[in-house]
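Visitor: I am new to reading structures. Could you walk me through this one and show how each label is earned?

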Amino acid sequence: MTVTVRAYTPADVAAAAEIWNEVVRGGVAFPQTEPLTETTGAAFFAAQSHTGVAVNESGEILGLYILHPNNVGRCGHIANASYAVKGTARGGHIGEALVKDSLAQAKALGFRIMQFNAVVAFNTHARHLYERLGFTQLGTIPGGFRLDDGTYADICPYYKTLY
């Protein structure tokens with residue numbers, strides 16, 4: 001399967017929100033607990049520094065990412081991104097294409113560092129991908145992520161310099 005990552009357009013909101021909400025409902029990767037509607041999704045995706053979508057040959061959206069500053073002011077040069085891949089499309093290296101595109105976009109936008117604040121420790125596929133792409137784990141925050149059942153999982157922050 002050939003996948004291309006392109007810039008999000010307002011016409012993508014329904015498919016992008018559906019994929020985003022699938023990850024939110026899963027409860028093991030995103031800190032958000034509320035699903036996006038088409039209205040809130042349109043505002044959310046448009047508010048990012050960049051939103052990218054991965055599409056197949058027929059134009060179907062299989063995944064997306066959001067890219068924005070991790071902080072403000074003196075730390076505004078650090079980017080943060082989140083990635084979502086449609087459940088039926090996982091395992092096809094779509095996440096890798098999204099991460100690579102987000103790194104290129106972050107650099108083009110003038111960010112110097114990409115930082116992930118809350119990679120859940122048991123998300124081994126994401127962690128292996130980040131490490132393979134040159135990210136460094138900063139440590140572990142015990143119990144930093146609340147699961148839907150009320151228990152807590154460790155999170156692992158990661159970073160990569162872009163210059």
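Visitor: Let me begin with one residue. Which residues does Q115 touch, not counting residues up to four places away in sequence?

Guide: This is a predicted model, so every value here is computed from it. Q115 touches N70, I78, A79, N80, A81, Y158 and Y159. Q115 itself lies in strand 5.

Visitor: What makes these touches count as contacts?

Guide: The cut-off is heavy atoms within 4.5 Å. Each residue in that list meets it with Q115. G143 makes a useful second case: Q115 and G143 are 19 Å apart, C-alpha to C-alpha, and 28 residues apart in sequence.

Visitor: Why is Q48 called buried?

Guide: Its relative accessible area is 14%. Buried means under 20%. So Q48 is buried. Q48 is found in the loop between helix 2 and strand 2. Leaving aside its neighbours within four places in sequence, Q48 is in contact with I66, L67 and H68.

Visitor: And A46, is it buried or exposed?

Guide: The relative accessible area of A46 is 58%. Exposed means over 50%, so A46 is exposed. A46 is found in helix 2. Its C-alpha atom is separated from that of L133 by 27 Å, with their places 87 residues apart along the chain.

Visitor: Why is C75 called partly exposed?

Guide: C75 has a relative accessible area of 35%. Buried is under 20% and exposed is over 50%, so C75 falls in between. C156 has 2%, so C156 is buried.

Visitor: How many disulfides does the structure hold?

Guide: It holds 0 disulfides. The test is a pair of cysteine sulfur atoms within 2.5 Å. No pair passes it.

Visitor: What makes a group of residues a nonpolar core?

Guide: The members must be buried, of the listed nonpolar kinds, and joined through side-chain atoms within 4.5 Å. The largest such core here has 27 residues. Those with the most contacts inside it are Y83, L98, V99, M114, F116, Y130 and F135. Helix 3 gives the largest share, 5 residues. V99 touches Y83, L129, Y130, L133 and F135, not counting residues up to four places away in sequence. A second, separate core of 17 residues includes A17, F30, F45 and A84.

Visitor: Why would nonpolar residues gather like that?

Guide: In soluble globular proteins, nonpolar side chains tend to be buried together.

Visitor: Now the rings. How many aromatic pairs are there?

Guide: The count comes to 12 aromatic pairs. Take Y8 and F45: their ring centres are 5.3 Å apart. Pairing needs centres within 6.5 Å, so they pair.

Visitor: Why is the pair of Y8 and F45 called tilted?

Guide: Their planes stand at 50 degrees. Under 30 is stacked and over 60 is edge-to-face, so 50 degrees counts as tilted. The pair links distant parts of the chain, 37 residues apart: Y8 is in the loop between strand 1 and helix 1, and F45 is in helix 2. Y8 and F45 are both buried.

Visitor: What makes F116 and Y130 a tilted pair?

Guide: They lie 4.6 Å centre to centre, with 45 degrees between the planes. That is within 6.5 Å, and the angle is neither under 30 nor over 60, so the pair is tilted. F116 lies in strand 5 and Y130 in helix 4, so the pair ties together parts 14 residues apart in sequence. F116 and Y130 also belong to one aromatic cluster with Y65, Y83, F135 and Y158.

Visitor: How do you know that the charged end of R112 sits over the ring of Y163?

Guide: The charged end of R112 is 4.1 Å from the ring centre of Y163. The distance limit is 6 Å, so that part is met.

Visitor: What stands out about the phi of H93?

Guide: Phi of H93 is near 65 degrees, a positive value in a residue other than glycine. Most residues other than glycine have a negative phi. H93 lies in the loop between strand 4 and helix 3. Its relative accessible area is 58%, over 50%, so H93 is exposed.

Visitor: Last one. How do you know that the span of helix 1 agrees with what it should be?

Guide: Helix 1 has 14 residues, which should span 20 Å at 1.5 Å a residue. Its end C-alpha atoms are 20 Å apart, so the two agree. The buried residues of helix 1 pack against helix 2, strand 3 and strand 4.

Terms used. Residues are numbered from 1 along each chain as its sequence is written. This is a predicted model: local features need pLDDT of at least 70, side-chain atom pairs count only at pLDDT 80 or more; totals for chains, interfaces and linings use all residues. Side-chain values use heavy atoms; hydrogens and water are left out. Buried means under 20% relative accessible area, exposed over 50%, partly exposed in between (1.4 Å probe, protein chains only). Helices (H or I, at least four residues) and strands (E, at least two) are DSSP runs, numbered from the N terminus. Rings of Phe, Tyr and Trp (its six-membered ring) pair if their centres lie within 6.5 Å; planes under 30 degrees apart count as stacked, over 60 as edge-to-face and the rest as tilted. A charge sits over a ring if NZ of Lys or CZ of Arg is within 6 Å of the ring centre and within 35 degrees of the ring normal. The expected span of a helix is 1.5 Å times one less than its number of residues.
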